[in-house]
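Thank you all for coming. I would like to take you through one structure this morning, beginning with a definition and then moving from single residues out to the whole chain.

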Amino acid sequence: MFKKSLTILSIASAFYLQAQDVSIIRNSVDVYSANPLTGSAKFNAMAGSMGALGGDLSAINTNPASVGVFITGNISGTIAVNNSKSTSSFSNTANSYKLNNADLGQLGGVAVFATSGNTPWKFVNFGVNYTNQNLEEYIETPANSSYKFQDSNLVDTNGNPVTGTFTSLGHAYDRTGNLTNMNIAFGGNYDNKFYVGGSLNFKGAAIEQYDSSRLSLDVDNNNSYVLNKQGTPYSEDSNGFSFSAGIIGKINNNLRLGASIESPTWWTMYRTYSEVNEDNLGYFFDYYDEDRKFTSPMKATLSGAFVLNKNFALNVDYSLGLTKPKYKVQGPAETQLNNFFKSEYKNLSELRVGGEYRYNNFRLRGGYGISNSPFEKRANFDDLYVGKRETLGVGFGFDFKSFYIDAAYNKITTNSTNVYGDGNYYSTANNGDVEFFTYNPNTFTSKLENIKDNVTLTLGWKF
């Protein structure tokens with residue numbers, strides 16, 4: 001049985017590990033900087049494309065002028081059922097893992113105040129909307145004999161130094177948590193020609209994250225050990241704030257144009273974690289908590305809608321990030337992260353198209369969206385960390401005058417390159433003591449495909 005090894009500290013030279021940790025880069029983009037598809041069933045069925053149509057609480061996230069389109073009060077709630085499948089392919093083998101979750105997806109309401117007198121302002125409205133997105137993801141990469149590294153600092157039970165070779169039996173990345181967003185929006189209807197609005201956006205994220213490798217050791221009869229990456233598992237609670245403004249203009253009875261802008265989101269992150277350290281008595285765990293300040297990109301959205309008649313409408317949205325992610329520098333780690341984003345990050349863009357057909361009280365909806373990878377292409381890694389995402393939405397609804405019910409199905413497919421390996425790792429014995437502490441100098445990548453099948457059901461009341 002082997003008791004311990006020494007750590008070797010180094011900085012990876014590969015471009016994709018210039019920053020402190022892969023998981024931090026991923027979360028910076030697909031959690032703290034994302035514009036996720038989550039909301040009412042109508043919004044989801046149209047792939048989130050409602051920027052020039054408005055009239056839906058969840059569309060506040062695209063264009064807050066949406067709240068100015070309402071002519072009656074509205075309250076709605078949405079249940080979301082999510083199924084996620086992640087497939088990680090290494091060489092000629094692949095592992096897949098499925099997750100299921102059901103939760104509150106959306107809840108909100110809008111109050112409509114009709115004006116009196118000769119003012120061109122027809123309505124002044126106030127709305128509140130809350131959305132909740134599940135962040136759980138489990139990636140299990142299969143074993144491969146080419147994933148090997150040596151440690152020359154091992155000692156056997158007699159204290160004699162030996163050199164052993166670790167061989168991969170698989171890698172696992174596990175993230176659980178939720179991302180929430182509450183919009184407080186104000187809007188108005190000016191002469192039934194222009195709709196304006198603004199919102200204050202209060203965001204929150206709660207994450208727990210794990211990164212581990214199962215390795216065999218040749219000088220220990222190829223026994224297997226689960227090694228956790230240094231600094232994991234960890235938990236992170238974050239709060240963010242942004243504000244938005246938008247306008248929708250009715251050019252004529254058939255054409256509407258919309259534009260909106262959202263400020264950067266200013267995040268404060270609170271993280272707790274443990275690390276393995278060493279003194280003259282051996283290895284021990286130290287427990288830490290830290291906070292970070294992070295600014296996500298500013299975003300702009302341009303929209304256009306074609307309204308054929310009261311029965312059919314088609315909307316197109318194009319969103320573009322205007323700035324890059326940035327951490328407040330508190331030490332070398334934030335400087336390294338900022339340098340990585342400065343050199344490798346490009347503006348994230350997304351195109352969404354959605355339509356609705358009405359026949360009496362029945363509504364039929366559909367939509368499609370596509371977004372690019374936000375990282376520059378390097379070698380064969382054009383979808384590094386966070387890849388291209390495609391969204392397909394379909395749905396239907398029934399309007400019973402005062403009450404309505406909507407249902408939607410979404411398929412969201414993301415392809416990316418999963419990076420793992422390089423770093424310090426530790427394992428613990430049954431009594432909780434440190435068993436191994438070693439440095440893996442290798443970086444590996446697998447092809448990752450994530451498919452989410454989401455079903456949402458919305459119940460609403462108009463008053």
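By a polar contact I mean a pair of N or O atoms within 3.5 Å, where, within protein, one must be able to donate a hydrogen and the other to accept it. Please also keep in mind throughout that what you see is a predicted model.

With that in hand, let us look at Asn134, which is found in strand E3, residues 121-134. A polar atom of the Asn134 side chain lies 3.0 Å from the backbone nitrogen of Glu136, and that distance falls under the 3.5 Å cut-off I have just given. Is Asn134 buried or exposed? With a relative accessible area of 19%, Asn134 is buried, although I would add that the cut-off for buried is under 20%. Setting aside its neighbours within four places in sequence, Asn134 is in contact with Asn82, Asn101, Gly177 and Asn178.

A second case is Ser40, which sits in the loop between helix H1 (22-30) and helix H2 (41-45). Its relative accessibility is 4%, so Ser40 counts as buried. Which backbone nitrogen does the side chain of Ser40 reach? The partner is Phe43, at 3.2 Å. If we again leave out the neighbours within four places in sequence, the residues in contact with Ser40 are Asp56, Ser58, Thr78, Gln106 and Thr458.

Helix H1, on one side of that loop, deserves a moment of its own. Because 8 of its 9 residues are buried, H1 is largely enclosed by the rest of the structure. The buried residues of H1 include Val22, Ile24, Ile25 and Val29, and also Arg26 and Asn27.

Let me turn to the backbone. Most residues other than glycine have a negative phi, and most peptide bonds are trans. Against that background, Asn192 has a positive phi, near 55 degrees, and its place is in the loop between strand E6 (161-190) and strand E7 (194-217). Asn192 is partly exposed, with a relative accessible area of 37%. Asn222, in the loop between E7 and E8, also has a positive phi, near 60 degrees, and at 52% relative accessibility Asn222 counts as exposed. Where, then, is Pro233? Pro233 lies in the loop between strand E8 (223-229) and strand E9 (234-250), and a cis peptide bond, with omega about -5 degrees, joins Thr232 and Pro233.

Finally, the chain as a whole. Its secondary structure comes to 3 helices and 22 strands. The radius of gyration is 25 Å, close to the 23 Å that the globule rule gives for 463 residues, so the chain is as compact as a globular protein of that length. I would set beside this the box that the C-alpha atoms fill, which is roughly 95 × 40 × 40 Å along the principal axes. Of the 463 residues, 52% count as buried, and among contacts between residues at least 6 apart in sequence, 71% join residues at least 24 apart. The accessible surface comes to about 20,500 Å², of which 56% belongs to carbon and sulfur atoms. As for charge, there are 38 positive and 41 negative side chains, and the centres of the two sets lie 13 Å apart.

Methods: Residues are numbered from 1 along each chain as its sequence is written. This is a predicted model: local features need pLDDT of at least 70, side-chain atom pairs count only at pLDDT 80 or more; totals for chains, interfaces and linings use all residues. Side-chain values use heavy atoms; hydrogens and water are left out. Helices (H or I, at least four residues) and strands (E, at least two) are DSSP runs, numbered from the N terminus. The radius of gyration is taken over C-alpha atoms; the globule rule is 2.2 Å times the number of residues to the power 0.38. Buried means under 20% relative accessible area, exposed over 50%, partly exposed in between (1.4 Å probe, protein chains only). Contact means heavy atoms within 4.5 Å. Accessible areas come from the Shrake-Rupley method with a 1.4 Å probe; for residues, only the protein chains shown count as cover. Lys and Arg count as positive and Asp and Glu as negative; His and the chain ends are not counted. The place of a charge is taken as NZ of Lys, CZ of Arg, CG of Asp or CD of Glu.
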